[in-house]
Amino acid sequence: LNNAVIEPGSHGSGAEWSAGAWFDNIVAAQAATISAATFTFTAQTTYDAGASVVKYYVSAQLVVDAGTFADSLGNRLTVADRVRTIATVAWTQTSIVADTEYTVDITAVIQEIVNQMTWASGNAIVILVDTHEDCTQGEWQTYYSYDGSTTKAPKLAVTVAAALAALAARLLHRLVVQATRELSMLVLLAVQARMHKAAAVIEA
């Protein structure tokens, strides 16, 4: 639980490791439309499996408010302890470079979580990375955990459609205000030009 690295993948026959990352205070209303969601690992080492394959399944624990990790019944990473979402994404990581971020789109996974009837904004989510059956035996990758680096730890980014709409509205408002100011300036200049022309005619 306090390891500096995360090493999902096949560590030998019958030794398929999973990894989990806990994220609290997810701001998204129940049934909100998730326009984008990504999960990111940062490589701790450089490794190329070559002709072999390192591949994962990425999902989330199907609960409305995921608990933190503990070495006790009900808190481990097994399917029995943490039921997975139906939405699952396959993620190939055969070749990685140290200190490089690797990101996978999990929009459908997060959508399934927030669609739960009792989900509430501010709840926690656990992202789960399991070994894919296509992963070559004895192949895995190594990534930073939160205990290894708080800045290179796994990341979850969630964008809610309503937030994008609000941003678009603010940008539109700014454009309208700017356009109105520019139009007002043009009108003022036109009026001044007409006044100048009228004054010139009177003097003549």
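**Figure 1. Helix α1 lies across strands β5, β10 and β13**. The helix runs at about 115 degrees to β5; axes here are lines fitted to C-alpha atoms, for helices over the stretch in contact, and angles run from 0 to 180 degrees between N-to-C directions. Contact means heavy atoms within 4.5 Å. Helices (H or I, at least four residues) and strands (E, at least two) are DSSP runs, numbered from the N terminus. A quick note on what you're looking at: this is a predicted model, where local features need pLDDT of at least 70 and side-chain atom pairs count only at pLDDT 80 or more, while totals for chains, interfaces and linings use all residues. Residues are numbered from 1 along each chain as its sequence is written, and side-chain values use heavy atoms, leaving out hydrogens and water.

**Figure 2. The whole protein, zoomed out for a moment.** Count along the chain and you get two helices and 13 strands. Of the 204 residues, 35% are buried, a word that stands for under 20% relative accessible area (over 50% is exposed, in between is partly exposed; 1.4 Å probe, protein chains only). The chain's accessible surface is about 11,600 Å², and carbon and sulfur atoms hold 59% of that (Shrake-Rupley method, 1.4 Å probe; for residues, only the protein chains shown count as cover). Take the contacts between residues at least 6 apart in sequence: 84% of them join residues at least 24 apart.

**Figure 3. A three-stranded open sheet, β10-β5-β13**. The pairing in this sheet is antiparallel, and two strands pair if DSSP finds at least two bridges between them. β10 and β13 are the edge strands, each pairing on one side only. From one strand to the next, the twist averages 20 degrees. β5 (residues 34–42) is joined to β13 (residues 155–160) by six bridges, with Thr-40 standing opposite Lys-155. Between β5 and β10 (residues 101–105) there are five bridges. Look there for Thr-42 partnered with Glu-101, and for Phe-41 partnered with Tyr-102.

**Figure 4. A four-stranded open sheet, β4-β11-β7-β8**. Here too, the pairing is antiparallel. β4 and β8 (89–92) stand at the edges with a single partner strand each, so one side of each has no neighbour in the sheet. The twist averages 25 degrees from one strand to the next. Helix α1 turns up again, packing on this sheet and touching β7, β8 and β11, with its direction at about 25 degrees to that of β7. β7 and β8 run antiparallel and share four bridges, and in this pairing Tyr-56 stands opposite Trp-91.

**Figure 5. The largest nonpolar core**. A nonpolar core is a set of buried Ala, Val, Leu, Ile, Met, Phe, Trp, Tyr and Cys residues joined through side-chain atoms within 4.5 Å. This one has 34 residues, and Phe-39, Ile-106, Ile-110 and Ile-127 have the most contacts inside it. At least two core residues come from each of β4 (19–23), β5, β7 (55–60), β10, α1 (107–114), β11 (125–131) and β13. In soluble globular proteins, nonpolar side chains tend to be buried together. Zoom in on Phe-39: leaving aside neighbours within four places in sequence, its contacts include Ala-21, Phe-23, Val-58, Trp-91, Ile-106, Ile-127 and Val-129.

**Figure 6. Aromatic rings, pair by pair.** The structure holds seven aromatic pairs, meaning rings of Phe, Tyr and Trp (its six-membered ring) with centres within 6.5 Å; planes under 30 degrees apart count as stacked, over 60 as edge-to-face and the rest as tilted. Phe-41 and Tyr-143 are a stacked pair because their ring centres are 4.3 Å apart and their planes at 20 degrees. This pair reaches between distant parts of the chain, from Phe-41 in β5 to Tyr-143 in β12 (residues 143–144), 102 residues apart. Phe-41 is buried at 1% relative accessibility, and Tyr-143 is buried at 0%. Tyr-56 and Trp-91 have ring centres 6.5 Å apart and planes at 65 degrees, so this pair is edge-to-face. With Tyr-56 in β7 and Trp-91 in β8, the pair ties together parts that are 35 residues apart in sequence. Both residues count as buried, Tyr-56 at 0% relative accessibility and Trp-91 at 6%.

**Figure 7. The aromatic cluster.** Which residues do ring pairs link into a cluster? They are Phe-23, Phe-39, Phe-41, Tyr-56, Trp-91 and Tyr-143.
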